[in-house]
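Colleague: I want to learn how the words for a fold are earned. Please show me the model, and I will ask about each word.

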Amino acid sequence: EKGGYDHFMLKEIYEQPSVIKDTYRGRLLADKGIVRLGGLEDHIKRFTNANRIIIVACGTSWHAGLVAEYVFEDLVRIPVEVEYASEFRYRNPIITEKDVVIAISQSGETADTLAAIKLAKQKGAFVYGVCNVVGSTISRETHSGTYTHAGPEIGVASTKAFTTQITVLTMMALRLAKSKGTLSQSDYMLHLRELDMIPGKVEEALQSDEKIKEIAKVFKDAANFLYLGRGYNFPVALEGALKLKEISYIHAEGYPAAEMKHGPIALIDEQMPVVVIAINNNHYEKVVSNIQEIKSRAGKIIAVVSEGDTTVKEMADYVMEVPVTPETLSPLVTTIPLQLLSYHIAVMLGRDVDQPRNLAKSVTVE
Ligand code: F6R
């Protein structure tokens with residue numbers, strides 16, 4: 001049932017090109033300029049008239065929410081807040097009927113996320129679910145929603161659930177941008193076509209697997225890792241660090257690259273591997289100078305770079321290449337090498353990759 005793979009996690013990483021396609025099948029018709037989500041069509045006005053969108057989730061789903069914050073604010077121009085469900089539910093949050101809450105959950109059973117939904121409903125907000133498990137509690141408790149259609153995710157570490165959540169949230173943003181008129185027709189069409197190309201680009205990113213395995217060999221015994229990214233790829237850095245922690249038990253932290261000099265740079269020495277997402281986008285020059293700061297303190301750089309990159313390639317100790325996409329869609333590809341890096345390190349350390357210690361696939365108690 002692992003389809004020839006050693007672990008469910010690896011199978012699920014490799015399934016991403018096809019499940020991302022399943023996620024948008026019948027919903028994204030790039031040539032016709034159509035994005036259509038059954039659960040959203042009747043509620044477009046609720047979103048476009050909302051004062052703000054509040055996203056509630058936990059763990060990896062919370063990271064997908066952070067990516068969505070960048071996508072929604074950028075493309076739809078609606079203010080977005082992203083909250084850990086556990087914090088939101090207990091801090092007497094300000095919620096009104098003018099708010100829309102999006103709850104993201106792979107399992108659809110996470111206790112804190114469910115409680116946050118109930119609270120938001122009590123306060124009159126409209127609650128939209130993005131779940132993977134069909135018929136799950138959260139999918140039933142929300143007013144409407146969209147399934148990710150990633151298929152069963154068995155590995156405890158979330159992989160394909162994350163990329164398909166981002167796919168759904170990006171489609172929602174594009175649909176709303178179309179109604180709200182916040183994207184030019186050409187940008188809208190470009191995004192649809194580029195989203196349609198993502199499965200192929202994820203496939204390409206997976207082809208670096210052997211190379212990533214070599215990098216894993218070099219760093220498997222490190223005691224700590226830092227992950228850095230900016231903009232759309234800041235949440236990807238958080239997610240990369242979480243993946244490493246949970247399956248390899250190596251301590252890892254994700255940071256927005258510019259925060260380094262506000263503290264974490266004190267940690268850098270020749271023992272510290274720093275994974276930097278340094279794709280060729282708006283922040284490229286700034287990330288390059290962040291890399292220089294780390295290099296000058298002898299930190300080891302493992303960089304995720306765009307195909308054809310030369311500048312970072314010369315500076316970094318190791319690189320993992322990903323195809324070029326619009327920045328908005330880049331988390332869908334930059335995540336891939338980080339998943340593989342964690343996987344290989346965990347396997348080399350003899351960890352139980354699919355069933356890491358102390359973790360459960362769905363957290364139904366708070
Ligand atoms: C990370 C992981 C957890 C879950 C979190 C939320 O790999 O699996 O952090 O993402 O427990 O779970 P769902 O999405 O089921 O609500």
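Modeller: Start with one sheet of this predicted model. Five strands form an open, parallel sheet in the order 9-8-10-11-12.

Colleague: What makes a stretch a strand, and what makes two strands a pair?

Modeller: A strand is a DSSP run of E with at least two residues, a helix a run of H or I with at least four, and both are numbered from the N terminus. Two strands pair if DSSP finds at least two bridges between them. Strand 11 (residues 300-306) and strand 12 have five bridges, in the parallel sense, so they count as a pair. Within that pair, Val305 stands opposite Glu321.

Colleague: Why are strand 9 and strand 12 said to stand at the edges?

Modeller: Strand 9 (251-256) and strand 12 (318-322) each have a single partner strand, so one side of each lacks a neighbour in the sheet.

Colleague: How do you know which way helix 12 runs relative to strand 9?

Modeller: Lines are fitted to C-alpha atoms, for helices over the stretch in contact, and angles between N-to-C directions run from 0 to 180 degrees. Helix 12 (residues 234-248) makes about 175 degrees with strand 9. That value is close to the 180 degree end of the scale, so the two directions are nearly opposite. Helix 12 lies across strand 8 (224-229), strand 9 and strand 10 (273-277).

Colleague: What is the strand order of the other five-strand sheet?

Modeller: The order is 4-3-5-6-7, again open and parallel. Its edge strands are strand 4 (80-84) and strand 7, each pairing on one side only. The twist averages 20 degrees from one strand to the next. Helix 5 (residues 59-76) packs on this sheet and touches strand 3, strand 4 and strand 5 (99-105).

Colleague: How do you know that strand 6 and strand 7 pair?

Modeller: Strand 6 (residues 126-131) and strand 7 share four bridges, and the rule asks for at least two, so they pair. Tyr128 stands opposite Ser144 there.

Colleague: Which side chains of strand 7 point to the buried face?

Modeller: Ser144 and Thr146 point to one face and are buried. Gly145 and Tyr147 point to the other and are not. In a regular strand the side chains alternate between the two faces of the sheet.

Colleague: Why is Lys201 called buried?

Modeller: Buried means under 20% relative accessible area, exposed over 50%, and partly exposed in between, with a 1.4 Å probe and protein chains only. Lys201 has 13%, so it counts as buried. Lys201 is in helix 10 (residues 185-206). Leaving aside neighbours within four places in sequence, Lys201 is in contact (heavy atoms within 4.5 Å) with Glu194, Pro323, Val324, Thr325 and Val333.

Colleague: And what makes Asn290 buried or exposed?

Modeller: Asn290 has 5% relative accessibility, so it is buried. Asn290 is in helix 13 (residues 284-295).

Colleague: What sets Tyr249 and Asn358 apart on that scale?

Modeller: Tyr249 has 24%, so it is partly exposed. Asn358 has 77%, so it is exposed. Tyr249 is in the loop between helix 12 and strand 9, and Asn358 is in the segment after helix 15 (331-348). Tyr249 has a positive phi of about 65 degrees, and phi of Asn358 is near 65 degrees. Most residues other than glycine have a negative phi, and most peptide bonds are trans.

Colleague: What makes a group of residues a nonpolar core?

Modeller: The members are buried Ala, Val, Leu, Ile, Met, Phe, Trp, Tyr and Cys residues, joined through side-chain atoms within 4.5 Å. The largest such core has 89 residues; Phe47, Phe72, Ile102, Met172, Phe225 and Tyr227 touch the most other members. Helix 9 (residues 160-180) gives the most to this core, with ten residues. A second, separate core has 22 residues, including Ile301 and Met315.

Colleague: How do you know whether the radius of gyration agrees with a compact globule?

Modeller: The radius is taken over C-alpha atoms, and the globule rule is 2.2 Å times the number of residues to the power 0.38. For 366 residues a compact globule would be near 21 Å; the protein has 20 Å, so the two agree.

Colleague: Any ground rules for reading this?

Modeller: Residues are numbered from 1 along each chain as its sequence is written. Local features need pLDDT of at least 70 and side-chain atom pairs 80 or more, while totals for chains, interfaces and linings use all residues, and side-chain values use heavy atoms, without hydrogens and water.
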